[in-house]
Amino acid sequence: MQENRQENLPTARIVVVVGNYGSGKTEISLNLALKYAQRGEQVTLVDLDIVNPYFRSSERTDLLESHGIRVYAPSFAMTTVDVPSLPAEIQAVFADKSRRVIFDVGGDDTGAAALGQYKPYFDQEDVEVLFVVNAFRPLSGDADSVCDLLLRVAGRSRLTPTALLNNANVSWQTEGEDLARGEELLREVSARLQLPVRYLCAERSLLPKLPADLTGERIALDILMRPEWL
């Protein structure tokens with residue numbers, strides 16, 4: 001991954017990435033962790049996706065650890081256990097102020113519930129909560145659906161998103177007009193909920209082709225989770 005020195009990444013020590021299934025939150029979490037590490041930061045990635053068995057950030061543990069990134073994940077994720085065992089080490093990320101921390105959180109309000117127990121810790125931290133939206137995924141194609149999910153995630157996690165992130169894509173067929181459609185949707189969501197559209201993510205080669213007037217700081221993605229058959 002080549003680091004783009006012009007990228008303005010979130011400045012908060014703790015970055016929480018939430019969003020619906022297929023929004024791309026895990027891809028974004030991985031890329032953010034690697035970008036911070038390549039800037040010389042000490043980074044921890046917490047995989048709190050306790051719902052989805054596929055495309056989990058901890059699947060790339062070897063890659064992350066090769067860049068010095070610590071990875072924590074629930075012990076009973078994707079089992080029939082009602083309350084997954086969340087490693088005690090997760091609490092340590094709040095104590096060690098020297099590390100940047102990325103939380104990759106499960107794809108809906110049920111997954112976000114795992115965050116709730118850490119509210120007293122989050123309340124004492126500098127936290128950016130990014131709500132990722134892919135306008136081409138189910139339950140994300142209109143403002144009513146996006147607002148409903150965002151509010152449910154906020155309620156279950158007890159964390160209010162601080163910004164919206166436009167990650168509109170249709171996999172390898174994505175074009176600039178898809179990001180523009182995503183922005184149109186997020187502008188309506190932004191107006192309703194008074195949240196800024198702060199970031200825009202796209203595959204690295206697509207970024208230079210995007211319309212200049214799209215909203216949000218641009219973050220280049222290297223695709224790390226797409227299986228070979230896609």
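These points go through a predicted model of one chain, from confidence to core to single residues.

1. **Confidence.** The structure is a prediction, so each region should be read with its pLDDT, the predictor's confidence in each residue. The chain averages a pLDDT of 86. At least 70 is reached by 85% of the residues. Among the elements, β6 has the highest mean, 97. Helix α4 (residues 109-112) has the lowest, 72.

2. **Weak stretches.** Two segments stand out here. Over residues 1-5, pLDDT stays under 50. The model still has 15 contacts beyond four places in sequence for residues 1-5. Residues 77-81 also stay under 50. For residues 77-81 the model has eight such contacts, again beyond four places in sequence.

3. **Overall make-up.** The chain has 230 residues, and 54% of them count as buried. Its secondary structure comes to seven helices and eight strands. Among contacts with a separation of 6 or more, 75% join residues 24 or more positions apart. The accessible surface is about 10600 Å². Carbon and sulfur atoms hold 48% of that surface.

4. **The largest core.** How many residues does the largest nonpolar core have? It has 35. Val16, Phe103, Phe122 and Phe131 have the most contacts inside it. Strands β1 (14-19), β2 (42-48), β4 (99-105) and β5 (127-133) each give two or more residues to this core. So do helices α3 (89-95), α6 (143-157) and α7 (176-193). The largest share, six residues, comes from α6.

5. **Val16 and the other core.** Leaving out residues up to four places away in sequence, Val16 touches Phe103, Val105, Leu115, Phe122, Val127, Glu128, Val129, Leu130 and Leu159. Apart from the largest core lies another, of 26 residues. Among its members are Leu9, Val15, Leu64 and Ile102.

6. **Aromatic rings.** The count comes to six aromatic pairs. One of them joins Phe94 and Phe122. Their ring centres lie 5.2 Å apart, and the planes meet at 90 degrees. That angle makes the pair edge-to-face, because the cut-off for this class is over 60 degrees. The pair links distant parts of the chain: Phe94 sits in helix α3 and Phe122 in helix α5 (residues 119-122), 28 residues apart. Are these two rings' residues buried or exposed? Phe94 is buried, at 4% relative accessible area. Phe122 is buried too, at 3%. Ring pairs link Phe94, Phe103, Tyr118, Tyr121 and Phe122 into a cluster. Phe103 and Phe122 in that cluster are also among the residues with the most contacts inside the largest core.

7. **A charge over a ring.** Arg100 lies over the face of Tyr36. The distance to the ring centre is 4.2 Å.

8. **Asn167.** This residue is in the loop between β6 (163-166) and α7. Why does Asn167 count as buried? Its relative accessibility is 5%, and the cut-off for buried is under 20%. Beyond residues up to four places away in sequence, Asn167 touches Ser23, Gly24, Ile28, Val132, Val133, Asn134, Cys201 and Leu221.

9. **Positive phi outside glycine.** Which residue in the loop between α6 and β6 is worth a look? Arg158 is placed there. Arg158 has a positive phi of about 60 degrees although it is not a glycine. With a relative accessible area of 44%, Arg158 is partly exposed. Gln194 also has a positive phi, near 60 degrees, and is a residue other than glycine. Gln194 is in the loop between α7 and β7 (197-203). Gln194 is exposed, at 66% relative accessible area.

10. **Met225 and Glu27.** Met225 is in the segment after β8 (217-221). Met225 is buried, with a relative accessible area of 6%. Along the chain, Met225 and Glu27 are 198 residues apart. Their C-alpha atoms are separated by 6.3 Å.

Methods:
Residues are numbered from 1 along each chain as its sequence is written. This is a predicted model: local features need pLDDT of at least 70, side-chain atom pairs count only at pLDDT 80 or more; totals for chains, interfaces and linings use all residues. Side-chain values use heavy atoms; hydrogens and water are left out. A nonpolar core is a set of buried Ala, Val, Leu, Ile, Met, Phe, Trp, Tyr and Cys residues joined through side-chain atoms within 4.5 Å. Buried means under 20% relative accessible area, exposed over 50%, partly exposed in between (1.4 Å probe, protein chains only). Helices (H or I, at least four residues) and strands (E, at least two) are DSSP runs, numbered from the N terminus. Contact means heavy atoms within 4.5 Å. Accessible areas come from the Shrake-Rupley method with a 1.4 Å probe; for residues, only the protein chains shown count as cover. Rings of Phe, Tyr and Trp (its six-membered ring) pair if their centres lie within 6.5 Å; planes under 30 degrees apart count as stacked, over 60 as edge-to-face and the rest as tilted. A charge sits over a ring if NZ of Lys or CZ of Arg is within 6 Å of the ring centre and within 35 degrees of the ring normal. pLDDT is the predictor's confidence in each residue, from 0 to 100.
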